[in-house]
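User: Could you take a close look at the salt bridges in this structure for me? I'm new to this, so please walk me through them.

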Amino acid sequence: MALDGIVISNIAEELSQTLTGGRIIKISQPEKDELVLTVKNYDTYKLFISASASLPLIYLSKAAKPNPMTAPNFCMLLRKHFNSARILSIAQPGLERILDIEVEHLNELGDLCVKHLVVEIMGKHSNIILCDDKKQIIDSIKHVSGAVSSVREVLPGRKYFIPATQEKYDPLTITPQDFLAHIASKPLPAAKALYQGLIGISPVFANELCHEAGIDGSQPLSSQQEDYVLHLYSCLSRRMEQVKDRDFKPNIIYQDGLPVEFSSLPLTCYSDFNKTEVKEYASISLLLEDYYAARNKFTRIRQKSADLRRVVANAIERDSKKYDLQLKQLKDTEKRDKYRIYGELLTTYGYSVTPGEKSVDILNYYTNEEITIPLDPELSAIDNAKQYFDKYAKLKRTHSALSRLSEETREELNHLDSIRTALDIAESEEDLAQLKEEMMDYGYIKRHYGQVKNGKKPQKKIKIISKPFHYLSSDGYDIYVGKNNYQNDELTFQFASANDWWFHAKGMPGSHVIVRSKGAELPDRVFEEAGQLAAYYSKGREADKVEIDYLEKRNVKKPNGAKPGFVVYYTNYSLIASPKIDSLSLVSD
């Protein structure tokens with residue numbers, strides 16, 4: 001979610017407590033729309049500010065970012081005005097998505113001056129603006145002319161003002177009468193009326209208020225009884241009191257281990273969803289750093305794997321159509337035995353067939369029932385029999401060929417499905433590199449060759465540094481999880497010992513999971529945890545429960561010519577596991 005007015009209020013409180021009175025000792029601009037202010041206030045802090053249209057942010061960060069060789073003009077201007085400047089205050093006007101950082105510094109004549117660095121966190125309209133003590137704009141990280149915006153120009157020499165939020169009310173001060181008259185009366189869904197009518201309220205928090213009040217956020221408030229609307233107002237007032245009292249509880253909502261939302265106040269609307277967990281933070285800056293690091297990692301891998309996913313999706317679509325056609329043609333060959341029987345009966349009873357007949361009724365000695373056999377009146381009974389034998393032979397050959405081809409197509413579909421599952425599991429570029437290598441090995445992607453030498457094309461092999469996941473069970477047993485088919489084969493047939501335990505989701509693509517037994521009998525909890533890993537790293541990770549097969553590795557075999565990751569076994573145990581692995585510790589090898 002974007003940073004709403006409540007989160008900005010939390011940030012303002014944290015920055016005010018941490019940075020007020022501190023001195024700015026360093027200013028850098030690592031990107032065209034980013035600033036990093038290093039502030040000394042007992043300890044040293046880095047204030048990261050981004051006016052990016054896609055990801056505007058402001059928080060205290062520990063990470064260092066490389067700087068360009070030549071500082072941009074806006075950075076040089078800030079260094080001129082803010083050199084050893086002291087931060088006087090950090091404030092938020094109302095519940096606007098704006099922070100005003102007030103600083104004092106000495107000018108060239110040694111006089112004490114006051115400046116304002118205004119940070120606007122407003123999506124694509126985000127900006128960082130330097131103003132003097134009278135709020136006259138000195139410069140900004142983004143210039144906005146009248147040709148770009150008819151509402152407000154952001155240019156040197158212009159007067160700074162907050163854009164008017166038409167028909168929006170401050171949730172910190174709105175009265176019950178105004179709420180009924182201007183919010184509840186709108187012909188909009190309740191949640192939409194809240195975030196479009198109140199300053200600083202996001203769609204997520206509007207839905208939270210509706211959930212808390214027991215109101216359907218998709219229905220207009222005008223259709224609700226006044227008591228319910230006033231109860232919604234009470235919920236809003238109670239939450240705004242938390243904001244006024246600075247009673248913030250920064251938290252991230254996780255679903256299936258991925259961060260989906262965050263807020264500075266508790267979000268109860270996600271409590272009804274399965275696989276939802278809440279992680280609370282003492283600092284909003286730590287929350288933002290964790291949230292966007294996790295989201296960026298997920299988004300970056302998704303973007304980098306997009307081409308591979310497209311290749312796999314196209315191959316699956318192509319092979320699925322081919323497989324359906326092969327099955328249809330295979331079904332057509334099921335009548336081949338009928339033609340064989342026609343030929344045999346005509347050969348046996350052909351003497352009784354009258355020449356020129358279009359059909360003949362003959363007793364089928366296989367079933368002792370009379371059947372009607374169509375005939376070509378231009379041919380004799382024996383020639384008709386020969387024609388039926390030819391049809392039978394052709395369909396038999398077709399059946400044999402199609403059975404083999406359809407089995408190959410089915411195996412290829414299973415292989416592609418396993419690659420698609422491995423793409424979902426991949427967490428790094430190294431994981432994607434190994435998957436790309438597998439796809440090149442099997443012809444889904446064309447391998448690029450180096451320079452031809454001695455008439456041969458040297459293959460450019462990718463250096464593989466991706467390793468399987470390594471978990472530690474609650475009882476101290478090592479559990480290894482393959483990330484793709486090549487790692488699955490290596491784990492099972494090169495790494496695992498005969499008496500180690502092998503786990504896999506039943507009947508679906510997924511990782512091979514190996515538990516090092518240490519030659520001892522495993523506790524029941526180890527089986528449960530290994531089963532959870534096998535469920536989570538499989539195609540069934542979105543399901544509530546997954547059936548897991550497990551057995552000693554000595555009983556797992558690989559058929560000759562089988563594709564990587566594919567095995568057979570004939571004796572196994574089974575358990576039901578939830579794809580939930582939060583209780584397990586991932587080991588950094």
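Analyst: Here's a tour of the salt bridges, one pair at a time. Keep in mind that this is a predicted model. The count comes to 32 salt bridges, so let's pick out a few, with 4 Å as the cut-off between a side-chain nitrogen of Lys or Arg and a carboxyl oxygen of Asp or Glu.

Start with Arg158 and Glu153, whose side chains meet at 2.6 Å, N to O. Arg158 counts as partly exposed because its relative accessibility is 36%, and Glu153, at 27%, is partly exposed as well.

Next up is Lys321, which forms a salt bridge with Glu317, with 3.7 Å between the closest N and O atoms. Both sit in helix α8 (residues 306-332), and because they're four residues apart there, about one helical turn separates them. Lys321 has 56% relative accessibility, so it counts as exposed, while Glu317 is partly exposed at 43%.

Now for a pair with a buried partner: Arg447 has a relative accessible area of 8%, so it counts as buried. The side chain of Arg447 meets that of Asp441 in a salt bridge at 2.5 Å, N to O. Asp441, for its part, is partly exposed, with 34% relative accessibility.

Finally, salt bridges can also link up into a group here: Glu208, Glu212, Arg238 and Arg239 are joined in a network of them.

Key
Residues numbered from 1 in each chain as written. Predicted model: local features only at pLDDT ≥ 70, side-chain atom pairs only at ≥ 80, totals over all residues. Heavy atoms only, no water. Buried < 20%, exposed > 50% of the residue type's maximum accessible area, 1.4 Å probe, protein only. Helix = DSSP H or I, 4+ residues; strand = E, 2+ residues; numbered from the N terminus.
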